[in-house]
Number of protein chains: 2
Amino acid sequence: MSKIRVGIYGYGNLSRGVESAIAQSSDLELAAVFTRRDPASVSVRTAGVPVLHASEIEKCQGQIDVLVLGGGSATDLPEQTPAMAKMFNVVDSFDTHAHIPEHFANVDAAAKASGHVALISAGWDPGLFSLNRMISDAVLPEGKHYTFWGRGVSQGHSDAIRRIPGVKDARQYTVPVPASVDSVRAGETPEFTARQMHTRECYVVAEEGADLALIEKTIKEMPNYFEPYDTTVTFITEEELKQNHAGLPHGGFVIRSGVTGFEKEHKQIIEYSLKLDSNPEFTGSVIAAYARAIARLGKEGVTGAKTVFDIAPAYLSPKSAEELRAHLL
Amino acid sequence: MSKIRVGIYGYGNLSRGVESAIAQSSDLELAAVFTRRDPASVSVRTAGVPVLHASEIEKCQGQIDVLVLGGGSATDLPEQTPAMAKMFNVVDSFDTHAHIPEHFANVDAAAKASGHVALISAGWDPGLFSLNRMISDAVLPEGKHYTFWGRGVSQGHSDAIRRIPGVKDARQYTVPVPASVDSVRAGETPEFTARQMHTRECYVVAEEGADLALIEKTIKEMPNYFEPYDTTVTFITEEELKQNHAGLPHGGFVIRSGVTGFEKEHKQIIEYSLKLDSNPEFTGSVIAAYARAIARLGKEGVTGAKTVFDIAPAYLSPKSAEELRAHLL
């Protein structure tokens with residue numbers, strides 16, 4: 001059987017994670033990487049894969065079964081996903097929750113008009129966490145769900161610290177509050193404030209002579225990002241940052257706490273948790289599995305925008321239905 | 001919108017769990033309960049629901065959107081599911097893993113011939129645990145998965161003890177070995193023997209004058225059921241059994257421990273866990289959600305046998321696609 005030809009558009013951390021996942025999947029092959037930079041400046045890990053300028057992508061129609069978009073949700077994906085869905089089956093990891101309905105509508109229109117199928121918001125949140133929130137909500141309609149993130153590096157919060165004058169580099173860890181996780185696991189269903197669910201740990205490399213007290217105050221008082229949380233700021237050297245904070249670990253928990261029975265007398269708790277050494281590689285692995293699903297659905301003639309809620313799980317696996325039933329059911 | 005009419009065939013613990021879940025779902029209604037006993041001897045919880053003899057079920061074709069089969073996997077379901085799939089869309093909880101391929105084929109043939117759709121093996125294992133094994137396997141193809149059950153009451157093991165001469169009643173708890181769970185959570189990927197994964201706790205009410213030492217020896221040496229495990233036997237009074245062991249709690253964990261990266265240098269751990277006060281009510285809640293999905297697929301004209309791997313998650317929820325995307329993605 002011929003392999004599914006996957007293209008990658010944009011080549012950052014996430015795309016490298018997708019590339020690594022493709023290398024672990026015998027039914028997928030990396031067909032090409034597209035970049036808006038000078039292709040000669042981009043070297044990919046997979047031997048023999050062409051790196052092409054983004055402007056050449058139109059010519060590759062018919063040679064790629066599914067295109068993965070590696071761009072960001074703020075400015076890249078709102079434009080790129082609908083544009084690429086006119087030419088290819090696509091998968092993105094759009095994660096700006098508030099704009100999902102609008103993004104879905106734009107991608108759906110483009111994909112339907114051109115006869116392609118597009119999955120938006122693949123990854124783990126949105127993605128596998130969404131799947132667990134949704135299924136748990138359907139199984140236990142009377143209950144509450146809680147999403148805790150971490151302990152892990154938040155790229156957005158790290159960037160926000162880096163923009164403060166006097167900061168050379170920074171890493172921000174989002175950390176769930178253990179007592180709150182424990183209370184939910186024990187079947188309590190409290191209403192939490194943001195502060196009660198997560199703390200924020202900041203490791204900051206300051207420029208020489210910078211006003212450390214001012215940097216700390218600026219971080220802690222930053223609205224939305226840090227003000228609503230208990231935040232700690234630790235100044236470290238550049239070497240310490242490289243040595244102890246080079247990785248991009250992440251993870252978290254989705255917990256549904258529900259009741260069943262005619263008297264609502266029984267507590268039922270569903271928990272889904274991730275502990276990830278590498279956030280981009282795990283996200284890339286999820287995206288690769290959904291790229292497989294989208295390529296197959298495209299082949300079946302399905303069109304329009306989809307989310308993880310719309311994909312029957314068997315499509316994610318290279319194994320046959322018989323094999324899945326015999327060994328994993 | 002009219003409600004989905006659910007029928008229940010057989011009325012034991014599991015069916016009562018399904019009934020309770022239907023009562024929690026505003027889009028489902030219990031249309032009828034069918035029993036092989038004298039219908040007058042069966043009183044259901046839901047007001048106004050007819051209890052009919054199983055022999056009357058043929059006449060109810062066209063009045064039930066989906067029929068849930070509450071019977072057991074040993075003798076009931078291998079006959080009942082194919083027979084009922086000739087007349088109705090059906091859902092069962094067939095859980096004899098070794099016979100799933102054969103059962104699937106029989107149900108598939110019956111459902112296709114009659115134009116119905118049938119879901120086999122709904123519940124949590126098989127069911128939600130299977131779904132997590134399968135999705136995790138697709139996302140992290142290089143890794144191992146572990147399924148731990150408990151702490152919870154195993155009906156089959158309790159029954160096996162009850163069949164020993166001199167035993168009046170018994171409850172068996174399956175208990176995961178904490179050190180083994182911890183090692184898997186820590187990212188180790190050991191090969192376990194059955195003994196290393198679970199212990200078995202037996203609470204036994206003996207008949208007056210019974211030979212307790214012989215009962216204990218008979219339990220501990222029982223092949224397959226107890227011999228491969230570290231088993232403890234505690235003799236208690238009938239009152240203690242009623243007071244401390246009346247419930248049917250259960251639960252467990254599915255853990256996938258995988259690696260990603262070109263050097264397989266990153267560990268990634270996915271864990272799905274359940275902590276259930278009532279096993280039959282939770283299983284019934286899962287079945288009710290899949291009954292909703294099957295009724296919808298039936299309405300769309302889908303036919304044949306399905307498993308949880310074949311059902312797009314959105315079908316499980318009464319919420320609209322827009323609502324799911326806006327609030328749970």
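1. Let us start with strand 9 (residues 167-176) and strand 10 (residues 198-206) of chain B, which run antiparallel and are joined by 9 bridges. Within this pairing, Arg171(B) has Tyr203(B) of strand 10 as its bridge partner. Strands here are DSSP runs of E with at least two residues, helices are runs of H or I with at least four, and both are numbered from the N terminus; two strands pair if DSSP finds at least two bridges between them.

2. A word on the source: this is a predicted model, in which local features need pLDDT of at least 70. Residues are numbered from 1 along each chain as its sequence is written, and chains are lettered from A in the order in which they are written.

3. Strands 9 and 10 belong to an open sheet of 4 strands in chain B, with the order 8-9-10-11 and mixed pairing. Its edges are strand 8 (152-153) and strand 11 (230-235), each pairing on one side only. Helix 5 (residues 155-162) of chain B packs on this sheet and touches strands 8, 9 and 10; contact means heavy atoms within 4.5 Å.

4. Now look at strand 12 (residues 250-260) of chain B: 10 of its 11 residues are buried, so the rest of the structure largely encloses this strand. Buried means under 20% relative accessible area (1.4 Å probe, protein chains only).

5. What does strand 12 of chain B pair with? Strand 7 (residues 143-149) of chain B is one partner, antiparallel over 7 bridges, with His145(B) opposite Arg256(B). Strand 13 (residues 266-276) of chain B also runs antiparallel to strand 12, joined by 11 bridges, and here Phe253(B) partners Ser273(B).

Terms used: This is a predicted model: local features need pLDDT of at least 70, side-chain atom pairs count only at pLDDT 80 or more; totals for chains, interfaces and linings use all residues. Side-chain values use heavy atoms; hydrogens and water are left out. Buried means under 20% relative accessible area, exposed over 50%, partly exposed in between (1.4 Å probe, protein chains only). Axes are lines fitted to C-alpha atoms, for helices over the stretch in contact, and angles run from 0 to 180 degrees between N-to-C directions.
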